[in-house]
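Some labels used for protein structures rest on simple cut-offs. How can a reader new to a structure check that such labels are deserved?

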Amino acid sequence: MARQVMSLQDLIQACAEGGDPAAWEEFVRRFQALISSVVFRTARRWGADSPALVDDLVQESYLKLCRDHMRVLREFRPDHPEAFFGFLKVIAANVVHDHFRALRSKKRAADVLPLDPATTCGIDALKGIERAILLREIDAILDSLPGDDRGRDRTVFWLYYRQGLTAHAIAGLPTVSLTVKGVESIIRRLTRFVREQITDRPLGEAG
Amino acid sequence: MKRDNLTHLSLDELLWLAAGGVERRIGVDGDAVNAHLEGCVGCRSRLRGRRSVAEGLANLANALPAEVSGHCPSVGTWASLGDFSSRAVADLLEHASSCDHCGPLLRATADDPTDAFPPAEGTPINGLASSHPDWQARLAGRLASESEAASDSFADHEGPPVGQQVPSHWALAAVLTFAVVATALLWVLRSPPSLASTNQVVLAAYTHQRPFPFRLPDAQYGPLRQHRGSRGAIDESQAFLDAQLAIARRLEAHPTDTPWLEARGRVNLLEGKWQEAIEALQRCGPAGRSVAVEMAIAYAERAEALNNPADSETALRLLGHVLAIDPRDPVALFNRALLYTRTRQPDNADKDWERYLAVEPRGDWADEAKKWKELNATGPG
């Protein structure tokens, strides 16, 4: 059978059986855009997207499929092909995160720390605390929301602001049961509510 | 009708200002709004707060992905949410929304790769070496070899071919049992001190000798002592020396192990090595409560040693952040009150001593706090 007209199921099975370069070549060709897009976007969020690095991480993502006895390929379910695409995306993103986390750990161990307190405490430590303060403050405000949909609305809010998902992506999640406009409406409403609660304390009260 | 200059800004007026305050908007008298703003401290503060909230929200998603925690499901979960019940998915999404490890993975599955690049960027992936057939062919060759090896190993893992002889069950069981018991014995006899026992020794040393007046998180009360020589010098018992050795060994093998770095920071504090303490605690990364308090102690003591007010300010800022998260944190309150007392800010000190005693009105620490409060009230000399 020509590789190019192979079904996804047959292609994955050929790769899982091992030792077929042509099957793997077709596999790489089919998923190259998907994996390299995820790697590129994820690496960019870490502030680094050099082509050589992206190529290395793309390769690493494919190699990860061969680990653990190629469990991912062996457990492919033809009735849920979209789960396989999702899994490739997760693997690629995780490879990038693991790479930069390992780099950050090594860098932290090797850094010589300056004496100037303005650059220490890190500034990292303070930013982490400030972020934690803001998250906690907003979460307390969201806790005070009335209505039965408070839990769902709060999840939508954090998926949007803290995790950076678009309204379109949130609407597409299973069980969210909202249109894109519905998601946007929740985000607008909660954002206004949070801003009002944080900034509109009665004048004269210490902040 | 002209806007009354004495009336504070409405929400719409604040929103207009936060959006830039330039565009004409119905119902907003720009000149009058700006005139009021110039003369009203309260409204300026509200506007600053609104802008900072907007900025804070916009930057929330910029935090770097975190390490996995004990509550995180397996990585593959995010690719197969459709396999779970509605209730389970709702719980998983709630987890992902507040987890900086799982959230980025969920985002990766939810992102549409065809939406990857804004038009101005073109399609940078087309320029990658990995987009070329030659590169892909080389990778395919490697994957074929690795998958063949993985496939063979999977067959071995499944079990030996039918007919191959295996040792008798009883003999195998005996060998395995011996191996397990021997390994356990060796582990017990040779295992290094645990983090918990190391921390216990360090905290006990603090309690016994109280080398500085600030409270160390998790430590029991120890009375203040007069120290000869440099503050913070501690008499090193054998247990304390063993603890230091355990920390050094652990960090040699795992230089970024955060809890052990914190333990080293604590030891440095007890030894009066303020700079080393700051360096060790900084390497812990984004500071949790105890690390922030310990770092504040290091800065406060370094300020005293080097007569550097900037270090005191840093210490106060750190303690302020801890108290912003938990205003009733007794250790942070005690230490900040003490630092205000030391830096001769009696009003601030008095307020914090009051706050502390409202949280912990009784006990050894409270008794000491009352003496510090009295000292603060009577002033120097």
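The questions and answers below concern a predicted model, and they set computed values against the cut-offs behind the labels.

Q: What makes the pair B:Asp100 and A:Arg162 a salt bridge?
A: The label requires a side-chain nitrogen of Lys or Arg within 4 Å of a carboxyl oxygen of Asp or Glu. The side chains of B:Asp100 and A:Arg162 meet with 3.1 Å from N to O, so the pair satisfies the definition. The count of salt bridges between chain A and chain B is one, while a search of the whole structure finds 29 over all chains.

Q: How many residue pairs are in polar contact between chain A and chain B, and which helices of chain A supply at least two residues to the side that touches chain B?
A: Twelve residue pairs, both residues at pLDDT 80 or more, are in polar contact between the two chains. Helices H1, H2, H3, H5, H6, H7 and H9 of chain A each supply at least two residues of the side that touches chain B, and H2(A) gives the most, with 14 residues. By class, this side of chain A has 44 nonpolar, 20 polar and 22 charged residues. In the whole interface, 86 residues of chain A are in contact with 96 residues of chain B, and the buried area is about 8,300 Å², of which carbon and sulfur atoms give 66%.

Q: Why is B:Arg266 called buried, and what is the label for its partner B:Asp218?
A: Buried means under 20% relative accessible area and exposed means over 50%. B:Arg266 has 4% and is therefore buried, whereas B:Asp218 has 57% and is therefore exposed. The side chains of B:Arg266 and B:Asp218 meet in a salt bridge at 3.3 Å, N to O. The pair links distant parts of the chain, with B:Arg266 in helix H10 of chain B and B:Asp218 in the loop between helix H8 and helix H9 of chain B, 48 residues apart.

Q: How do you know which labels B:Arg342 and B:Glu301 receive?
A: With the cut-off for buried at under 20%, B:Glu301 at 1% counts as buried, while B:Arg342 at 22% counts as partly exposed. Their side chains meet in a salt bridge at 3.3 Å, N to O. Because B:Arg342 lies in helix H14 of chain B and B:Glu301 in helix H12 of chain B, the pair ties together parts that are 41 residues apart in sequence.

Q: Why are B:Glu146 and B:Arg142 said to be separated by about one helical turn?
A: B:Glu146 and B:Arg142 are four residues apart in helix H6 of chain B, which means a separation of about one helical turn. The closest N and O atoms of their salt bridge are 3.5 Å apart. B:Glu146 counts as partly exposed at 31% relative accessibility, and B:Arg142 counts as partly exposed at 38%.

Q: Which residues touch the most other members of the largest nonpolar core?
A: Of the 90 residues in that core, A:Trp24, A:Phe27 and A:Tyr62 touch the most other members, and H2(A) gives the most residues to the core, with eleven. A:Tyr62 touches residues of both chains, including A:Phe27, A:Phe31, B:Leu139 and B:Leu143. Apart from this core lies another, of 55 residues, among them B:Leu269 and B:Trp365.

Definitions and conventions. Residues numbered from 1 in each chain as written. Chains lettered and ligands numbered in written order. Predicted model: local features only at pLDDT ≥ 70, side-chain atom pairs only at ≥ 80, totals over all residues. Heavy atoms only, no water. Contact = heavy atoms within 4.5 Å. Buried area = accessible area lost by both parts, 1.4 Å probe. Polar contact = N/O pair within 3.5 Å; in protein donor to acceptor, adjacent residues only side chain to side chain. Nonpolar A, V, L, I, M, F, W, Y, C, P; charged D, E, K, R; others polar. Core = buried A, V, L, I, M, F, W, Y, C linked by side-chain atoms within 4.5 Å. Buried < 20%, exposed > 50% of the residue type's maximum accessible area, 1.4 Å probe, protein only. Lists of a residue's contacts leave out its neighbours within four places in sequence.
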